[in-house]
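Open your viewer and get ready to select residues. This tour goes one stop at a time.

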Amino acid sequence: MAIKSEGCVPATGGADSSVDAAVALFHSLSDATRLAIVRQLAGGEARVADLVAELGLAQSTVSAHVGCLRDCGLVQGRPQGRQVFYSLSRPELMDLLASAETLLAATGNAVTLCPNYGIASGVVGDE
């Protein structure tokens with residue numbers, strides 16, 4: 001699973017810079033691996049090795065996705081000796097995810113049936 005080059009590009013500014021920022025935020029969370037990492041970090045600090053063990057993914061994959069989340073300002077690292085403990089940078093991220101789950105429950109998960117982005121489109125979790 002590779003991170004696409006545009007995956008962590010910051011908003012470019014311009015007339016709709018707030019929309020650009022929102023697009024960048026949601027794009028940073030659109031990958032299944034990054035979302036799984038965020039959910040793991042919601043439970044507290046973790047090292048890449050901890051995330052690898054929990055998610056069952058390669059260390060290089062987890063490191064790349066943690067790096068993306070860090071570059072987006074969603075995750076921060078706390079060095080301790082030779083290790084780095086990662087945590088969520090903003091508690092508001094959990095509010096956003098809780099709101100998304102509420103919206104999914106209210107819509108009956110209709111988004112999974114979306115022809116453009118749903119499961120049948122092959123886009124969900126493919127990034």
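Start by selecting A36, I37, Q40 and L41 in α2, then add L51, E54 and L55 in α3; these two groups meet each other. Keep in mind that this is a predicted model. Colour the contact by residue type: 5 of its residues are nonpolar, 1 is polar and 1 is charged.

Now show both helices in full. Helix α2 covers residues 32–41, and helix α3 covers residues 48–55. What angle do α2 and α3 make where they pack? The angle is about 110 degrees, and the axes lie 11 Å apart. Angles of 65 to 115 degrees count as roughly perpendicular, so α2 is roughly perpendicular to α3. Turn the view until one helix lies in front of the other. The crossing of α2 and α3 is right-handed.

Keep α2 on screen and hide α3. Next, select helix α4, residues 59–71. Which residues of α2 meet α4? They are T33, R34, I37 and V38. On the α4 side, pick T61, V62, H65, V66, C68 and L69. The contact of α2 with α4 holds 6 nonpolar residues, 3 polar ones and 1 charged one. I37 deserves a second click: this residue is listed in the contact with α3 and again in the contact with α4.

Check the geometry here too. α2 and α4 pack at about 75 degrees, with their axes 10 Å apart. That angle makes α2 roughly perpendicular to α4.

Move on to helix α5, residues 92–106, and click L97 inside this helix. Is L97 buried or exposed? Its relative accessibility is 11%. Buried means under 20%, so L97 counts as buried. Show what touches L97: leaving aside neighbours within four places in sequence, L97 is in contact with L35 and V38. You have met V38 already, in the contact of α2 with α4. Now draw a distance from L97 to L29. Their C-alpha atoms are 9.6 Å apart, although 68 residues separate the two along the chain.

Finally, zoom out to the whole protein. Count 5 helices and 2 strands. Trace the chain from its start, and the order reads α-α-α-α-β-β-α. How many residues does the protein have, and what share is buried? There are 127 residues, and 24% of them count as buried. Switch on the surface: the protein exposes about 7,800 Å², with carbon and sulfur atoms supplying 57%. Last, look at contacts between residues at least 6 apart in sequence. Of these, 50% join residues at least 24 apart.

Conventions:
Residues are numbered from 1 along each chain as its sequence is written. This is a predicted model: local features need pLDDT of at least 70, side-chain atom pairs count only at pLDDT 80 or more; totals for chains, interfaces and linings use all residues. Side-chain values use heavy atoms; hydrogens and water are left out. Helices (H or I, at least four residues) and strands (E, at least two) are DSSP runs, numbered from the N terminus. Buried means under 20% relative accessible area, exposed over 50%, partly exposed in between (1.4 Å probe, protein chains only). Contact means heavy atoms within 4.5 Å. Accessible areas come from the Shrake-Rupley method with a 1.4 Å probe; for residues, only the protein chains shown count as cover. Axes are lines fitted to C-alpha atoms, for helices over the stretch in contact, and angles run from 0 to 180 degrees between N-to-C directions. Angles under 35 degrees count as roughly parallel, over 145 as roughly antiparallel, 65 to 115 as roughly perpendicular and the rest as oblique. A crossing is left-handed if the near helix is turned anticlockwise from the far one by less than a right angle, and right-handed if clockwise. Ala, Val, Leu, Ile, Met, Phe, Trp, Tyr, Cys and Pro count as nonpolar, Asp, Glu, Lys and Arg as charged, and the others, Gly among them, as polar.
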